[in-house]
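Me: I'd like to learn how to read a protein model one feature at a time. Could you walk me through it?

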Amino acid sequence: VGGGAIYDIGCYAIVAGRYLFESEPLRVISLIDRDPQFQTDRTASALIDFGGGRRLEFTVSTQSTPYQRVHAVGTEKRLEIEIPFNAPLGGATRLFLDEGKVHGNAQAVTENFAPCNMYTLQGDAFSRVVRGEIPLPYGVEDAICNMRVIDALFASEKSGGWVSLA
């Protein structure tokens, strides 16, 4: 026990929201479906309120068809990142920036990212940090902040309502 959709996949959505909004959430609410055998969260949906009309919404699942996107939608533009968290090993991925004036991605500008081995890049970056060549981009404090949100989502499951983080 300790696995499940939020720990395995939702953590990335949470850190993406915290990164894009450059702030910590004020409150959360979740809806969680548990696997009857393992009791881990197999499907979880969350609404995370950052205040000022900014919110993160996500659904993650360990037992659904694999599909992964980040959609950042503002008043003037829309950003879509295709397979943002674990792009196919050696496969390319894309980013779409859309002015939002025409439906259906008709005006979206596409940026293609070359195929790479993300695990090699991660290992190389870790080695450079350990050798003192570059600073650690995110420290343990960031992980603690993310875990605080995850804990609140599980508390929301138990209470059936909003959980404040403020």
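What follows is a friendly walk through the fold, a helix, the pockets and a few single residues.

Me: Where do I start, and how many helices and strands does the protein have?

Reply: Start with the kind of model: this one is predicted. The protein has 3 helices and 8 strands, and from the N terminus on the elements run α-β-β-β-β-β-β-β-α-α-β. The C-alpha atoms fill a box of roughly 50 × 45 × 35 Å along the principal axes.

Me: What share of the 166 residues counts as buried?

Reply: Burial is read from relative accessible area, and under 20% means buried. Here 30% of the 166 residues count as buried. You can also look at contacts along the chain: of those with a separation of 6 or more, 46% join residues 24 or more positions apart.

Me: Now a helix. How does the reach of α3 relate to the span expected at 1.5 Å a residue?

Reply: The idea is to set the distance from first to last C-alpha beside an expected span. The 20 residues of α3 reach 28 Å, close to the 28 Å expected.

Me: Which residues of α3 are buried, and what do they pack against?

Reply: The buried residues are Asn-146, Val-149, Ile-150, Ala-152, Leu-153, Phe-154 and Ser-156. They pack against α1, β1, β2, β3 and β8. Just after α3 comes Gly-160, with a positive phi near 80 degrees.

Me: Let's turn to pockets. What is the volume of the largest pocket, and which residues lie nearest its centre?

Reply: For a pocket, take the volume, then the lining, then the chemical classes. The largest pocket has a volume of about 2,200 Å³. It is lined by 50 residues, and Tyr-12, Val-15, Ala-16, Pro-84 and Phe-85 lie nearest its centre. The elements giving two or more residues to this lining are α1, β3, β4, α2 and α3. The largest share, 11 residues, comes from α1. By class, the lining of the largest pocket divides into 32 nonpolar, 13 polar and 5 charged residues.

Me: And how much space lies in the second largest pocket?

Reply: About 210 Å³ lies in the second largest pocket. Its lining has 15 residues, of which Ile-83, Pro-84, Ala-87, Thr-93 and Phe-113 lie nearest the centre. Both β5 and β6 supply at least two residues of this lining, and β6 gives the largest share, 3 residues. The classes here are 11 nonpolar, 2 polar and 2 charged.

Me: Thr-93 was on that list. Is Thr-93 buried or exposed?

Reply: Compare its accessibility with the cut-off: Thr-93 counts as buried because its relative accessibility is 13%, and buried means under 20%. This residue sits in strand β6. A polar atom of the Thr-93 side chain lies 2.3 Å from the backbone oxygen of Glu-82. Leaving aside neighbours within four places in sequence, Thr-93 is in contact with Glu-82, Ile-83, Ala-87, Glu-111, Asn-112 and Phe-113.

Me: Ile-83 turns up there too. What is the sign of phi at Ile-83?

Reply: When you scan backbone angles, look for positive phi in residues other than glycine. Ile-83 is such a case, with a positive phi of about 45 degrees. Ile-83 lies in the loop between β5 and β6 and, at 24% relative accessibility, counts as partly exposed. Another case is Gln-39, whose phi is positive, near 65 degrees. Gln-39 is found in the loop between β1 and β2, and its 45% relative accessibility makes it partly exposed.

Me: One last residue: why does Ser-164 count as exposed?

Reply: The cut-off for exposed is over 50%, and Ser-164 is exposed because its relative accessible area is 54%. Ser-164 is found in strand β8. Its contacts, leaving aside neighbours within four places in sequence, are Leu-26 and Arg-27. The C-alpha atoms of Ser-164 and Ile-29 are separated by 9.1 Å, with their positions 135 residues apart along the chain. A polar atom of the Ser-164 side chain also lies 3.3 Å from the backbone nitrogen of Ala-166.

Conventions: Residues are numbered from 1 along each chain as its sequence is written. This is a predicted model: local features need pLDDT of at least 70, side-chain atom pairs count only at pLDDT 80 or more; totals for chains, interfaces and linings use all residues. Side-chain values use heavy atoms; hydrogens and water are left out. On a 1 Å grid over the protein atoms alone, a cavity is a set of points where a 1.4 Å probe fits but cannot get out, and a pocket is an open set with protein on both sides within 12 Å along at least five of seven lines; lining residues have an atom within 4 Å of a point. Grid points are joined across faces, edges and corners, and a volume is the space filled by probe spheres set on the points. Helices (H or I, at least four residues) and strands (E, at least two) are DSSP runs, numbered from the N terminus. Ala, Val, Leu, Ile, Met, Phe, Trp, Tyr, Cys and Pro count as nonpolar, Asp, Glu, Lys and Arg as charged, and the others, Gly among them, as polar. The expected span of a helix is 1.5 Å times one less than its number of residues. Buried means under 20% relative accessible area, exposed over 50%, partly exposed in between (1.4 Å probe, protein chains only). Contact means heavy atoms within 4.5 Å. A polar contact is a pair of N or O atoms within 3.5 Å; within protein, one must be able to donate a hydrogen and the other to accept it, and residues adjacent in sequence count only if both atoms are side-chain atoms.
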